[in-house]
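User: Hi! I have a new model open and would like to learn how to read it feature by feature. Could you walk me through it?

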Amino acid sequence: MQLAATVLLMGVGSLAKPCLAQDANTGNAISFANTKEVLGLDGLKHNVTGTLAAENGSLVFTKGKKKVVVPATSITEVPTGKDTERAIGGTVGVFSMFAPYGGGRFLSLFRTKIDTLAIEYVDTSGGIHGAIFILRKGNADAAKKALLSQGARTSVPAELEAAARTKPKEKQQ
Amino acid sequence: MKCAHYRSPLLLLILVFFFMGSVTSAQDNTNPKIHASSIQILMGQSDEVKLPIEFQLALYENLIEQIQKTNKFQHLYRDGDPAASSNTDLVILHSNVYGFKKGSEGKRQLTTVAGATQIKVHCLLTDKAGKFEVAQDVTGNVRFVGGNLRVTFDFAKKVAKIIVTNFQ
């Protein structure tokens, strides 16, 4: 029983934190499980959950057998942000609106904090593309840093962006 | 007896609506449809309002997807694609965001009437020389179901509708 609980905790822990693995050629390779691709990657539908990785000089998004690779050097902008989403979403979330006595509205109060990561990149023919990802809370900065270390470019450094987000909180205190 | 008393004005009203409909459809038919084999979609500009970059990217990507679905053009070029300049039969879609109100998904679900997200965009379709073909203001909304980014999907659907009505 104790062993099962330990295994379960280890599993949950691995989902919450990014997986770190050292790559001999390109420095740190980092992957983020349970990342939602909102839109923008060629060959994938909207709102697909998979694994986002920064490895071998590329951004790699894997969903089952499908794998989309974007060379990091083609990424021209990597903005990040914070948001919230409904804890119970999807079809169940929509149908919960019809629950009696305002049950659906009560459920909508439960929200999960998320991080957003967007990339603007250029394809081989020079056309601009955009893609948006939703990551677990606290992972966007690490993902941005990993992409920058792989060769991506940005106009706002990760540290400055993080500092800009924390500023309004300091004012409130 | 009473029923017959109301029948004639009702009939008149139906006839009025019928003729109004035929007049408007006749007006629609008079507008000549534009022909172009290719379109280039430029990234949306937001000089007047501060639009978060994720909305800008979603706007651009949804536009490309929805216009592609219309099947009105043989080639669709993205912003920055140099191949577009060599194409002679090309229209260019410019979009300038002049209004943006970021609502709250939580408020929308809780109150139904508050927290709407809205985006107002001035869309311009020009030929290569810059001559206006179509100019229209389009508003995208999310009033009830969906996240804030869905506003860009609503906007793109409306632009696709404009393209369907104006192009051969």
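User: Let's start with burial: what share of the 168 residues in chain B is buried?

Analyst: Happy to help! Keep in mind throughout that this is a predicted model. Burial is a matter of counting neighbours, and a residue is called buried if 20 or more other C-beta atoms lie within 10 Å of its own. In chain B, 29% of the 168 residues are buried.

User: And how is chain B built up from its N terminus?

Analyst: Chain B has 4 helices and 5 strands, in the order α-β-α-β-β-α-β-β-α. Contacts add to that picture: of those in chain B with a separation of 6 or more, 66% join residues 24 or more positions apart.

User: Which residues touch the most other members of the largest nonpolar core?

Analyst: Those are Ile75(A), Ala143(A) and Leu147(A), in a core of 61 residues. The element that gives the most to this core is H2(B), with 8 residues.

User: Let's zoom in on Leu147(A). What is it in contact with, leaving aside neighbours within four places in sequence?

Analyst: Its partners are Ala54(A), Leu59(A), Ala72(A), Ile75(A), Val78(A) and Ala152(A). Leu147(A) is also one of the buried residues of helix H4 (residues 140–150) of chain A, which include Ala143(A), Lys144(A) and Gln150(A). A useful general idea for reading such a list is that an α-helix has 3.6 residues a turn, so residues three or four places apart point the same way. Just after H4(A) comes Gly151(A), with a positive phi of about 125°.

User: Now the contact between the chains. How many residues does each chain bring?

Analyst: Chain A and chain B bring 22 residues each. On the chain B side, helix H2 (53–70), strand S2 (75–78) and helix H3 (105–111) each supply at least two residues. H2(B) has the largest share, 6 residues. By type, the chain B side has 12 nonpolar, 4 polar and 6 charged residues.

User: Where in chain B is confidence lowest, and where is it highest?

Analyst: The general idea first: where pLDDT is low, the predicted coordinates should not be read in detail. Chain B has a mean pLDDT of 85, with 83% of its residues at 70 or more. Confidence is lowest in helix H1 (residues 2–30) of chain B, at a mean of 58, and highest in strand S1 (residues 38–41) of chain B, at 96. Over residues 22–27 of chain B, pLDDT stays under 50, and the model has 0 contacts there beyond four places in sequence. For the model as a whole, the scores are ipTM 0.78 and pTM 0.79.

Conventions. Residues are numbered from 1 along each chain as its sequence is written. Chains are lettered from A and ligands numbered from 1 in the order in which they are written. This is a predicted model: local features need pLDDT of at least 70, side-chain atom pairs count only at pLDDT 80 or more; totals for chains, interfaces and linings use all residues. Two residues are in contact if their C-beta atoms, placed from the backbone, lie within 7 Å. Ala, Val, Leu, Ile, Met, Phe, Trp, Tyr, Cys and Pro count as nonpolar, Asp, Glu, Lys and Arg as charged, and the others, Gly among them, as polar. A residue is buried if 20 or more other C-beta atoms lie within 10 Å of its own, exposed if 12 or fewer, and partly exposed in between; C-beta atoms are placed from the backbone. A nonpolar core is a set of buried Ala, Val, Leu, Ile, Met, Phe, Trp, Tyr and Cys residues joined through C-beta atoms within 7 Å. pLDDT is the predictor's confidence in each residue, from 0 to 100.
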